[in-house]
Amino acid sequence: MAAAGCSDGNARLPLSLDAAKITSLPATAYYLPNFISEEEERMILDKIATAPRPRWKQLTHRRLQTWPSDLVQDRLLDAPLPPWLETPVVSRLLSLPLSDDHDGDAVRHIFADSPHQRPNHVLINEYPPGIGIMPHKDGAAYWPVVCTVSLGASICLNLYRNKEDGALDPDPAWRIIQEPRSLLITTATLYTDYLHGISDIKQDLDLSADTIVNWPLLRDPEAFASGQSVRQTRTSLTYRDVLKVSKVGNRLGLFNKR
Ligand SMILES: O=C(O)CCC(=O)C(=O)O
């Protein structure tokens, strides 16, 4: 992957997202293995760990934080993200051109066409070994671009499709390895037509260039050469643009569309 000059420790950004495209998928997705540095990863994990306890929502096997807040009827109450979720991730996302040929024009980034031209919401999911997330779609609350930064450990994300009768095909159509410090961007029909999920297993298996669509883009494919990867706790940040945002002043009068 062509790397632009980047002075952020061991983060390495391509010149544009073109170079990071996962070419064997039916719609646009990008994988950037070195999106943040180890130091940035440590800083973000530390902020997550020291967030006030009520920030955590405990599910049966997994816990999550929602920033700046939960959605209410698919609406977000207008509030900034905390600085540690803005920098470096959002600033870096907005600095990355979609394509090499922008010819001196303003950089068109991945959120250029979204309502707020930037992500305004972050879900933080923590996955202990053996725990995943059921196949699902993210629904109508968001612009159909999801930017996922992985922290702490690798995990395999599965993309699923429905069969002709509408039932979920339990065999993943595609599998994507997400290494720590990587960025995965999924868009378009990958958002609207396909489901995504993570298996509840302690080891990801059958990993190879034939089974993993982003194999050519991995930072360290050698780490998966045995075909197996033992899970450790992995934390993900998913950045999205919530379509409907309400101003605080309209909280009770619900809701001023922006
Ligand atoms: O942790 C991930 O990579 C996936 C998270 C996810 O599926 C979601 O937030 O909807």
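## The largest pocket

The largest pocket has a volume of about 430 Å³. The structure described here is a predicted model. A total of 26 residues line the largest pocket, and those nearest its centre are His 136, Asp 138, His 196, Thr 238 and Arg 240. Sorted by class, the lining of this pocket consists of 13 nonpolar, eight polar and five charged residues.

Several elements of secondary structure contribute to this lining. At least two residues each come from strand 5, strand 6, strand 7 (145-151), strand 8 (155-160), strand 10 (183-187), helix 3 (188-192), strand 11 and strand 14. Strand 14 is the main contributor to the lining of the largest pocket, giving four residues.

## The ligand and its surroundings

Where does the ligand sit? The ligand is placed in the largest pocket. The elements that supply two or more residues to the shell around the ligand are strand 5 (121-127), strand 6 (133-136), strand 11 (195-198) and strand 14 (234-240). Strand 14 provides the largest share of this shell, namely four residues. Strand 14 also gives the most to the lining of the largest pocket.

The shell around the ligand comprises 14 residues, of which the closest are Tyr 127, His 136, His 196, Arg 234 and Ser 236. By class, the shell contains four nonpolar, seven polar and three charged residues. Two of the residues closest to the ligand, His 136 and His 196, are also among those nearest the centre of the largest pocket.

## Polar contacts with the ligand

Which side chains place a polar atom beside an oxygen atom of the ligand? One is Tyr 127, which has a polar side-chain atom 2.7 Å from an oxygen atom of the ligand. Another is Arg 234, where the corresponding distance from a polar side-chain atom to a ligand oxygen atom is 2.8 Å. In addition, an N or O atom in the side chain of Arg 240 lies 3.1 Å from an oxygen atom of the ligand. The ligand on its own has 290 Å² of accessible area, and the protein covers 94% of this area.

## The second largest pocket

The second largest pocket holds about 200 Å³ of space. It is lined by 14 residues, and the closest to its centre are Gly 132, Ile 133, Met 134, Ile 198 and Asp 200. Strand 6 and strand 11 are the elements that give two or more residues to the lining of this pocket. Strand 6 makes the greatest contribution, with three residues.

By class, the lining of the second largest pocket is made up of seven nonpolar, five polar and two charged residues. Strand 6 and strand 11 also appear among the elements that give at least two residues each to the lining of the largest pocket.

## Notable backbone geometry

Two peptide bonds that precede a proline deserve attention. The bond from Trp 67 to Pro 68 is cis, with omega near 0 degrees. Pro 68 belongs to the loop between strand 3 (63-67) and strand 4 (75-77). The bond from Thr 87 to Pro 88 is also cis, and its omega is near 15 degrees. Pro 88 is located in helix 2, which covers residues 83-95.

What is the value of phi at Gln 73? Phi of Gln 73 is near 45 degrees, a positive value in a residue that is not glycine. Gln 73 lies in the loop between strand 3 and strand 4, the loop that also holds Pro 68.

Conventions. Residues are numbered from 1 along each chain as its sequence is written. This is a predicted model: local features need pLDDT of at least 70, side-chain atom pairs count only at pLDDT 80 or more; totals for chains, interfaces and linings use all residues. Side-chain values use heavy atoms; hydrogens and water are left out. A residue is near a molecule or strand if one of its heavy atoms lies within 4 Å of it. A polar contact is a pair of N or O atoms within 3.5 Å; within protein, one must be able to donate a hydrogen and the other to accept it, and residues adjacent in sequence count only if both atoms are side-chain atoms. Accessible areas come from the Shrake-Rupley method with a 1.4 Å probe; for residues, only the protein chains shown count as cover. On a 1 Å grid over the protein atoms alone, a cavity is a set of points where a 1.4 Å probe fits but cannot get out, and a pocket is an open set with protein on both sides within 12 Å along at least five of seven lines; lining residues have an atom within 4 Å of a point. A molecule sits in a cavity or pocket if more than half of its atoms lie within 2 Å of its grid points. Ala, Val, Leu, Ile, Met, Phe, Trp, Tyr, Cys and Pro count as nonpolar, Asp, Glu, Lys and Arg as charged, and the others, Gly among them, as polar. Grid points are joined across faces, edges and corners, and a volume is the space filled by probe spheres set on the points.
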